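Biologist: I am new to reading protein structures, and I would like to take a close look at a single part of this one. Could you walk me through the strands in the middle of your explanation and then show me what lies around them?

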Amino acid sequence: MSDTASTAGDIPVSDGADSGETDPGGGEQSGNEYTFADVSVVMGTYNEEEAIGTVLRDIEAVTDGNAEVVCVDGSSDRTPEIAREHGARVIDQEPQGYGVAVREAILAPDRPVVVTTDCDDTYPMEQLPEFLALINEGYDVVSGDRLYHGAEAMPALNRLGNHLFALAASVLMGTRVHDTTTGMRAYRREVVESIEWTENTGLSAELLIRPLMWGYDVREHPIDYRERAGESKLDPIEGGDAIAKSILRVALDERFR
Ligand SMILES: Nc1nc2c(ncn2[C@@H]2O[C@H](COP(=O)(O)OP(=O)(O)OP(=O)(O)O)[C@@H](O)[C@H]2O)c(=O)[nH]1
Ligand SMILES: [Mg+2]
């Protein structure tokens with residue numbers, strides 16, 4: 001199965017066997033491979049007019065315009081107009097936090113592969129083909145690991161926090177993971193349809209921890225990370241506190257399920 005994957009620098013975090021559970025993901029892709037016509041790229045957008053044009057142009061360029069783009073938007077600036085100009089589907093939603101927006105964005109489309117990103121130009125859309133290739137190799141979840149290459153563009157406090165979150169999640173799960181709060185991931189649709197969603201700010205960690213502990217084939221994949229365009233929507237202290245609690249709650253919930 002996916003153990004045969006050999007992309008340099010990849011970190012397989014689960015082979016689906018260490019939990020002793022059967023593989024609910026069904027392992028390898030059978031039949032035809034997915035293309036970008038099978039992919040939805042989704043994001044929450046909240047006053048991201050400085051970045052959204054670049055992000056959507058990058059997605060269009062690398063997918064030849066074949067990926068569907070879904071933005072769940074709570075903005076009061078021109079973000080939704082720019083998104084529509086670029087052909088994205090825009091769903092209006094009162095701003096209620098990261099996880100509320102991203103949950104809606106993930107569940108709205110029906111294509112078989114869904115990729116999340118932030119709309120702040122931090123994530124490398126040019127690496128989307130690598131994510132799709134790993135899904136086609138049989139992985140159920142491909143998680144972008146920002147810390148592998150050092151994440152120098154990340155504020156030092158966030159970087160430290162992200163290392164500590166990954167360490168805590170690893171200890172609680174008994175499986176080593178390296179970046180629990182990344183915004184860039186690819187999922188097979190069946191994974192997100194089976195999720196029991198409970199978190200908001202901590203949604204990203206939840207969407208790594210639950211699939212891993214259910215025995216899905218999850219792989220971390222090193223990504224480049226750029227400095228954010230526009231203002232952050234996350235308060236590092238309040239957000240950090242919420243994420244730490246999410247990791248504890250979700251990991252314990254799954255351990256004692
Ligand atoms: N619709 C909607 N989108 C949101 C909300 N909060 C955050 N977002 C979006 O979710 C994504 C992640 O938010 P960020 O501010 O980048 O949070 P972060 O990545 O933890 O923080 P940075 O490292 O500073 O980028 C961005 O695209 C935001 O615009 C919200 O309440 N509603
Ligand atoms: Mg961000």
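Modeller: Happy to help; what follows is a tour that starts from one strand and moves outward to its partners, the ligand and some helices. Please keep in mind that this is a predicted model.

Let's begin with the whole protein. There are eight helices and eight strands in it. Of its 257 residues, 47% count as buried. Among contacts with a sequence separation of 6 or more, 81% are between residues 24 or more positions apart.

Now to our part, strand S5, which covers residues 113-116. Which way do its side chains point? Val113 and Val115 point one way, while Val114 and Thr116 point the other way. Each of these four residues is buried.

S5 has a partner in strand S2, residues 39-45, and the two pair in the parallel sense over four bridges. You can find this pairing for yourself by looking at particular residues. Ser40 has Val114 of S5 as its bridge partner, and Val42 has Thr116 of S5.

S5 also pairs with strand S7, residues 185-188, again over four bridges, but here the sense is antiparallel. Val113 has Arg188 of S7 as its bridge partner, and Val115 stands opposite Ala186 of S7. So S5 pairs with S2 in the parallel sense and with S7 in the antiparallel sense.

Let's step out to S7. From this strand, Arg185 and Tyr187 point one way and Ala186 and Arg188 point the other. These four residues are buried, the two arginines included. S7 is also joined to strand S6, residues 141-145, by three bridges, and these two strands run antiparallel. To spot this pairing, look for Val141, whose bridge partner in S7 is Tyr187.

Next, step out to S2. Seven of its seven residues are buried, so S2 is largely enclosed by the rest of the structure. Both faces of S2 are covered. Val39, Val41, Met43 and Thr45 lie on one side, and Ser40, Val42 and Gly44 lie on the other. Besides pairing with S5, S2 is joined to strand S3 by six bridges, and S2 and S3 run parallel. Within that pairing, Gly44 has Val72 of S3 as its bridge partner.

Gly44 also leads us to the ligand. There are 24 residues around ligand 1, and those that come nearest are Gly44, Ala101, Cys119, Ser232 and Lys233. Where does the shell around ligand 1 come from? At least two residues each are supplied by S2, strand S3 (68-73) and helix H3 (98-107). The largest share, three residues, comes from S2. Sorted by class, the shell has eight nonpolar, ten polar and six charged residues.

Helix H3 is worth a stop of its own. Arg103 is found in this helix. Is Arg103 buried or exposed? Arg103 is buried, because 20 other C-beta atoms lie within 10 Å, and a residue counts as buried at 20 or more. Leaving out residues up to four places away in sequence, Arg103 touches Trp197 and Leu203. Arg103 and Leu203 are 100 residues apart in sequence, yet their C-alpha atoms are 8.1 Å apart in space.

Leu203 brings us to helix H7, residues 203-213. H7 is mostly covered, with eleven of its eleven residues buried. Among them are Leu203, Glu206, Arg210 and Met213. H7 is followed by Gly215, whose phi is positive, near 90 degrees.

Last, let's look at a pair of helices. H5 (residues 156-173) and H8 (residues 236-255) pack with their axes 9 Å apart, at an angle of about 10 degrees. H5 and H8 are therefore roughly parallel to each other. The residues of their contact divide into twelve nonpolar, three polar and no charged. On the H5 side the contact includes Leu157, Phe165 and Leu172, and on the H8 side it includes Ile243, Ile247 and Leu252.

To trace the path again on your screen, start at S5, with S2 on one pairing and S7 on another. From S2, follow Gly44 to ligand 1. Then go to Arg103 in H3 and on to Leu203, which Arg103 touches.

Methods
Residues numbered from 1 in each chain as written. Chains lettered and ligands numbered in written order. Predicted model: local features only at pLDDT ≥ 70, side-chain atom pairs only at ≥ 80, totals over all residues. Buried ≥ 20, exposed ≤ 12 C-beta atoms within 10 Å, placed from the backbone. Pairing = 2+ DSSP bridges. Axes fitted to C-alpha atoms, helices over the stretch in contact; angles between N-to-C directions. Parallel < 35°, antiparallel > 145°, perpendicular 65-115°, else oblique. Contact = placed C-beta atoms within 7 Å. Nonpolar A, V, L, I, M, F, W, Y, C, P; charged D, E, K, R; others polar. Near = placed C-beta within 6 Å.
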